[in-house]
Amino acid sequence: MKTPLIALLALVATPAAAHVVAAPDTARAGAYAAIAFRVGHACATGDATLKVRIEIPDGVASARPQVKPGWTYTLERGPDPKAAPTAITFEGRLPDEAFDDFAVLMKLPVAGERLVFPVVQTCEKGESQWTEVADPARPDEKLSRPAPVVTLIPAPISADAAPAAHHH
Ligand SMILES: [Cu+2]
């Protein structure tokens, strides 16, 4: 009797685990956060990932790739050399049977609810564009190639605001 409900819950609870996702996918607004872009599989079965290009959205004040043995990185910059790179591309080789994390240390914007990071994954045999963004009006819509998203947790109103009371 319980099987249908359990099956339904499993469906709802299963995240897009094997796509390209941000880990963690929540972070505090205004903080420095190391966010990994987790590549769960290649562009197709048996393929291999050679390149991962991560677009850095407006509002991110700095973005530094974590050095990764076996991988090189290149930064794309806009006109302002002091601004965060507009994109970071890692190049190396990741077989389909494995996953890997590509980490970026970022200074996140103070305002905003979520940051979208379009990713292009280039493989030996093809390419996957992880660039789809959910329509807020259709939250149940299933996207086949969703872009990684980081949800921002509002920063504390003030650092001086009422510290937790001490009871001795
Ligand atoms: Cu997937």
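Q: Rings of Phe, Tyr and Trp (its six-membered ring) pair if their centres lie within 6.5 Å. By this rule, how many aromatic pairs are there, and which residues form one aromatic cluster?
A: The model is a predicted one. Under the ring-centre rule, the count of aromatic pairs is 3. One aromatic cluster is formed by W71, F90 and F102.

Q: Is the pair of W71 and F102 stacked or edge-to-face?
A: The ring centres of W71 and F102 are 4.8 Å apart, and their planes stand at 75 degrees. Planes over 60 degrees apart count as edge-to-face, those under 30 as stacked. The angle of 75 degrees therefore makes the pair of W71 and F102 edge-to-face.

Q: How many residues apart are W71 and F102, which the pair links?
A: W71 sits in the loop between β5 (62–65) and β6 (72–76). F102 belongs to strand β8 (residues 100–107). The pair thus links distant parts of the chain, and its two members are separated by 31 residues.

Q: Are W71 and F102 buried or exposed, and which residue lies over the face of F102?
A: Both W71 and F102 are buried. The face of F102 also has a residue over it, at 5.0 Å from the ring centre, and that residue is K68.

Q: Which residue lies over the face of W130?
A: A charge sits over a ring if NZ of Lys or CZ of Arg is within 6 Å of the ring centre and within 35 degrees of the ring normal. For W130, the distance from the ring centre is 5.0 Å, and the residue over the face is R145.

Q: What elements does the chain have, and how many strands are among them?
A: Read along the sequence, the pattern starts with α and goes on with β. The chain has 1 helix, and its strands number 12.

Q: In what order do the strands of the 5-stranded open sheet stand, and which are its edge strands?
A: The pairing in this open sheet is antiparallel, and the order is β6-β7-β4-β10-β11. From one strand to the next, the twist averages 15 degrees. An edge strand pairs on one side only, and here the edge strands are β6 and β11 (127–130).

Q: How many bridges join strand β4 to strand β7?
A: V52 stands opposite F90 in β7, and F90 is also a member of the aromatic cluster with W71 and F102. Another bridge partner in β7 is P95, which faces A48. Strands β4 (residues 48–55) and β7 (residues 87–95) run antiparallel, and the bridges joining them number 7.

Q: Which residue in β7 is the bridge partner of T72?
A: β6 and β7 run antiparallel and are joined by 5 bridges. For T72, the bridge partner in β7 is E91.

Q: Which strands stand at the edges of the sheet of 4 strands?
A: The order in this open, antiparallel sheet is β1-β3-β8-β5. Two of its strands have a single partner strand each, so one side of each is left without a neighbour in the sheet; these are β1 and β5.

Q: By how many degrees are neighbouring strands of the sheet β1-β3-β8-β5 turned against each other on average?
A: The 4 strands of this sheet pair in the antiparallel sense. With direction ignored, the average turn between neighbouring strands is 25 degrees.

Q: Which residue in β3 is the bridge partner of V21?
A: β1 pairs with strand β3 (residues 32–39) over 4 bridges, in the antiparallel sense. V21 has as its bridge partner in β3 the residue R38.

Q: Where is P24, and is the peptide bond from A23 to P24 cis or trans?
A: P24 is placed in the loop between β1 (20–23) and β2 (26–28). From A23 to P24, omega is near 0 degrees, and the peptide bond is cis.

Q: Is S128 buried or exposed?
A: S128 is found in strand β11. Leaving aside neighbours within four places in sequence, S128 is in contact with C43, V119, V120, Q121 and R145. Buried means under 20% relative accessible area. The relative accessible area of S128 is 3%, so S128 is buried.

Q: What share of the contacts with a separation of 6 or more is between residues 24 or more positions apart?
A: The chain has 168 residues, of which 32% count as buried. Among contacts in the chain with a separation of 6 or more, the share from residues 24 or more positions apart is 66%.

Q: Over which residues does pLDDT stay under 50?
A: The mean pLDDT of the chain is 88, and 83% of its residues reach 70 or more. Where pLDDT is low, the predicted coordinates should not be read in detail. One stretch stays under 50 and has 1 contact beyond four places in sequence: residues 1–16.

Notes:
Residues are numbered from 1 along each chain as its sequence is written. This is a predicted model: local features need pLDDT of at least 70, side-chain atom pairs count only at pLDDT 80 or more; totals for chains, interfaces and linings use all residues. Side-chain values use heavy atoms; hydrogens and water are left out. Buried means under 20% relative accessible area, exposed over 50%, partly exposed in between (1.4 Å probe, protein chains only). Two strands pair if DSSP finds at least two bridges between them. Axes are lines fitted to C-alpha atoms, for helices over the stretch in contact, and angles run from 0 to 180 degrees between N-to-C directions. pLDDT is the predictor's confidence in each residue, from 0 to 100. Contact means heavy atoms within 4.5 Å.
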